[in-house]
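Okay, thanks for coming, everyone. I'd like to walk you through one model today, so have a look at the screen and then I'll start with a single residue.

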Amino acid sequence: MIEIFRNPAYDFIGKRKWAYIVSIAFTLLGLVSLATRGLHYDIDFTGGTLIQVRFEQAPSVATIRAGLGRIGLAEGVIQEYGDAREFIVRVPLTALSSEEVSRRVREALAQEASLGKLEIRRVEFVGPQVGKELQLQAVYAVFAGLVGILLYIAIRFDLKGGVAAVIAVFHDVLVCLGALSLTGREFSLPVLAALLTIIGFSVNDTIVAYDRLRENRGKFATKGKPFALQMNDAVNQTLSRTILTSLTVFFSAAILFAFGGRTLEDFAFVLFVGVITGTYSTTYVAAALVVDWTQHVEGRLGRGKKAVAKA
Amino acid sequence: MRRNLGTRIGIVVVALLGSLWYLYPPAKAINLGLDLQGGIHLVLGVDTPKALAAQTDRAAEDFKSALERKGIGVKRVARESDTAFVVELSSPSAWNDALTVASEFSTFERKADDPGVGRFTLAMSERRARELADSSVRQGVETIRNRVDQFGVAEPTITRQGEDRILIQLPGVQDPARAKALIGKTALLEFKLLDERASVEDALAGRIPDGDELLYSRRVDPQTKTERKIPYVIQKRTLLTGGELNRAEVQSDPNAPNNWQVSIEFNSVGTRIFGEVTEQSVGRQLAIILDGNVYSAPRINERIPGGRAVITGQFSVEEARDLAIVLRAGALPAPVTVLEERTVGPSLGADSIRQGMIAILASAGVVALFMLLYYRLSGFIADVALVLNLLILLACMAAFGATLTLPGIAGIALTIGMAVDTNILIFERIREELRVGKTPRSAIDAGFARALRTIIDTHLTVMVTAAILYNFGTGPVKGFAVSLFVGLAASLFTAYFFTRLLFDLVYMGRRKVESVSI
């Protein structure tokens with residue numbers, strides 16, 4: 001029998017104060033990057049035109065820019081896309097219609113003789129209305145996801161667990177967005193999908209730990225044990241499952257990242273980061289917060305009882 | 001759970017056979033999204049206010065001629081908003097007669113009466129305006145479907161989206177620009193008389209006579225490729241529209257072999273009106289106007305009884321063919337604008353399929369290998385369950401007619417990870433029970449029983465997220481949500497129910513179980 005852990009008894013919860021520092025540091029790093037470097041939104045959210053072109057020989061960005069400059073679209077973003085011969089041109093919203101923009105780009109690039117033959121492989125146009133709606137939808141989707149999770153856990157377990165789980169998920173979302181911002185990747189619809197998946201995944205882990213805690217509490221052995229130790233037991237007992245599952249999702253994400261093509265790369269990147277932070281946050285954000293909250297409440301109750309006893 | 005073995009095997013066999021039934025033949029079973037097979041995805045916004053304005057314009061024209069027929073002098077009839085027009089009589093004395101005429105226009109309500117100056121406003125009721133806006137979108141969907149059918153696209157999707165949007169998906173279309181022009185053209189064909197008395201110079205200077213409008217004919221010089229605009233002063237009143245057409249055919253221009261033209265034939269109503277109009281206006285010029293552009297303005301030499309006309313322009317054979325299609329399919333009741341467009345070339349789609357398949361196979365392979373090494377026989381059982389999971393997932397997508405998109409493939413890859421998670425939960429639980437000294441049989445029982453609640457919780461939360469994604473997301477995100485949701489539902493069945501059945505078959509049949517390969 002291959003085993004990663006045999007009856008693990010690590011003191012996770014005891015070291016939670018250090019973990020808070022780490023969590024806050026990463027969250028701050030993400031926030032600072034989001035504030036200073038910002039997040040690049042894909043045209044899905046800003047509106048605009050995206051044109052994917054494949055050239056017969058690898059061209060230089062400067063030649064492409066020169067071609068676009070002649071039709072007054074030099075401010076467009078030009079990016080290599082997964083292959084030296086493949087490029088994406090993004091043009092912000094203008095008064096021109098999508099047909100007009102793509103026709104002009106095609107003509108301008110065809111005129112630039114040194115570029116050789118080319119094939120337009122994809123054209124996407126998102127109007128200003130749709131872009132705004134998608135932005136709103138993205139925010140709604142994330143918040144609806146969080147509320148759904150909060151309600152589910154509050155009903156199945158308790159409010160403390162629900163709030164702590166949502167804070168953990170929020171932490172994961174911030175870290176993922178921070179990672180996107182630091183690496184200069186785009187926030188697109190597939191990335192949004194990945195973020196929502198991470199929300200589900202992170203909560204999954206948390207629920208497994210909570211479930212175990214609840215199951216243990218019914219047993220005689222836990223009687224009189226401090227809550228922090230009970231939680232630590234639950235985390236340890238589910239540790240091998242947590243690590244194994246995280247590893248499989250981690251493998252899946254890594255493979256998508258490597259072989260899924262440029263279209264799935266950003267999606268896989270978020271999953272990749274999310275799996276790590278999601279696994280971490282289960283113990284060090286969700287479980288740790290529940291412990292501190294419970295201790296706080298118990299402490300107050302205890303002081304209250306003493307006061308009553310004195311009187 | 002140990003009992004009912006027969007029933008449980010039956011359920012699995014039915015699920016397996018059902019899946020295979022839906023997946024046969026494999027090439028046709030699953031709809032590929034536009035991102036995988038190439039094609040156009042368009043979201044059009046219908047300009048419903050324009051449709052209302054056009055309706056109001058027509059009503060204003062009709063009202064004016066109704067008054068004139070009754071001999072009531074009219075000073076001014078003008079549209080005030082999209083749904084209302086103001087009427088000003090030459091003299092207030094005709095007030096009562098005018099009100100009688102107004103009462104015949106039952107879809108418009110009279111407002112802002114001012115009998116002193118003989119002025120009132122006719123406004124469409126809000127309900128009527130809503131109905132009109134709604135029907136203009138519905139009609140738009142029908143018209144576009146007609147056009148696309150005649151253009152010849154296999155399995156197009158044309159549906160209404162929300163209040164005033166139309167979603168169009170055309171898989172495998174090779175010439176997106178042409179398809180878009182065909183779909184988006186309003187194609188309002190109108191016949192109006194030229195106002196020969198008005199001076200074009202005055203109109204260009206901004207002095208357009210009341211009841212007239214300034215329209216242009218656009219001609220491209222074949223040598224210099226420059227566009228020339230020829231102005232015409234035209235009476236606003238529409239005599240006849242393309243709504244009365246019976247046929248529209250492409251023919252070659254007898255005078256210029258490379259120029260093509262479209263011959264049209266009116267229906268009986270159109271033929272009668274066309275006959276009357278040409279009879280009454282012999283010697284005048286009749287403008288043929290398409291979407292506000294004058295195509296030609298031939299002089300009427302005599303009454304034209306047969307209801308036939310020809311639209312000439314500098315058409316290529318394709319342009320003429322597309323024009324004939326849009327004329328046959330009818331005009332859009334309101335102009336449309338492109339709100340969102342996604343066009344994927346067929347070669348990119350093929351690349352995406354290949355990469356997606358590689359990713360999914362690699363991901364499934366690595367995970368399966370890992371399970372086999374780590375859990376041995378139990379891992380093998382989990383792998384068999386994984387195969388059934390994928391089969392059911394794909395079969396469900398085929399059965400619901402769901403579309404497989406690139407993000408959908410990602411969703412499947414993720415499902416694999418989640419399905420395996422279920423088995424890991426169970427197996428770790430069984431190992432734990434074995435460690436505390438339980439017999440293999442009771443360890444299996446306890447492992448499955450204890451893990452069940454956790455499994456349901458984890459599945460439900462992710463399914464909740466997937467459902468939210470589906471409701472809030474658009475195209476690509478929806479595809480992801482669908483495959484994730486279906487995959488998780490299937491995983492509850494395969495990773496729990498089916499795995500349990502296999503465990504029972506392997507371990508429960510024997511009299512004494514010494515150990516579990518886990």
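**Starting from one phenylalanine**

So, leaving aside residues up to four places away in sequence, Phe227(A) touches Val291(A), Thr294(A) and Gln295(A). Before I go on: this is a predicted model, so please keep that in mind throughout. Phe227(A) is found in helix α8 of chain A, which covers residues 227–237. Is Phe227(A) buried or exposed? Well, somewhere in between: the cut-off for buried is 20 or more other C-beta atoms within 10 Å, and Phe227(A) has 19, so we call Phe227(A) partly exposed. One more thing on this residue: Phe12(A) sits 215 residues away along the chain, and the two C-alpha atoms are separated by 13 Å.

Zooming out on chain A, we get two domains. Domain 1 takes in 13–41 plus 131–310, and domain 2 is 48–125. Going by C-alpha atoms, the centres of domain 1 and domain 2 of chain A are 41 Å apart.

Now, how sure is the predictor? For the model we have an ipTM of 0.82 and a pTM of 0.77. Chain B has a mean pLDDT of 84, with 97% of its residues at 70 or more. Within chain B, helix α1 (residues 5–22) has the highest confidence, at a mean of 91, and helix α2 (residues 26–29) has the lowest, at 72. The usual caution goes here: where pLDDT is low, don't read the predicted coordinates in detail.

Okay, on to where the chains meet. How many residues of chain B are in contact with chain A? There are 55 of them, against 56 residues of chain A. On the chain B side, the elements that each supply at least two residues are α7 (176–184), β18 (336–344), α11 (346–400), α12 (406–435), α13 (440–472) and α14 (475–508). The largest share comes from α11(B), with 14 residues. If you sort that side of chain B by class, you get 32 nonpolar, 14 polar and nine charged residues.

Here's the bit I like: a sheet that goes across the two chains. It's an open sheet of eight strands, in the order β3(A)-β4(A)-β2(A)-β5(A)-β18(B)-β2(B)-β8(B)-β7(B), and the pairing is antiparallel. The edges are β3 of chain A (77–80) and β7 of chain B (157–161), each pairing on one side only. Ignoring direction, neighbouring strands in this sheet are turned by 20° against each other on average.

Where do the chains join in that sheet? Strand β5 of chain A (residues 118–126) runs antiparallel to β18(B), and five bridges hold the pair. As a landmark, look for Arg122(A), which stands opposite Val344(B) in β18(B). Over at the chain B edge, β7(B) pairs with β8(B), residues 165–171, in the antiparallel sense, again over five bridges. There, Thr159(B) stands opposite Leu167(B).

And then there's a helix on top of this. Helix α5 of chain A (residues 128–156) lies across β5 of chain A as well as β2 (39–46) and β18 of chain B, and runs at about 70° to β18(B).

Last stop is Ala449(B), in helix α13 of chain B. Ala449(B) has 13 C-beta neighbours inside 10 Å; exposed would need 12 or fewer, so Ala449(B) counts as partly exposed. The C-alpha atom of Ala449(B) is separated by 8.7 Å from that of Ile426(B), 23 residues apart along the chain.

Definitions and conventions: Residues numbered from 1 in each chain as written. Chains lettered and ligands numbered in written order. Predicted model: local features only at pLDDT ≥ 70, side-chain atom pairs only at ≥ 80, totals over all residues. pLDDT = per-residue confidence, 0-100. Helix = DSSP H or I, 4+ residues; strand = E, 2+ residues; numbered from the N terminus. Contact = placed C-beta atoms within 7 Å. Nonpolar A, V, L, I, M, F, W, Y, C, P; charged D, E, K, R; others polar. Pairing = 2+ DSSP bridges. Axes fitted to C-alpha atoms, helices over the stretch in contact; angles between N-to-C directions. Domains from an automatic or database assignment.
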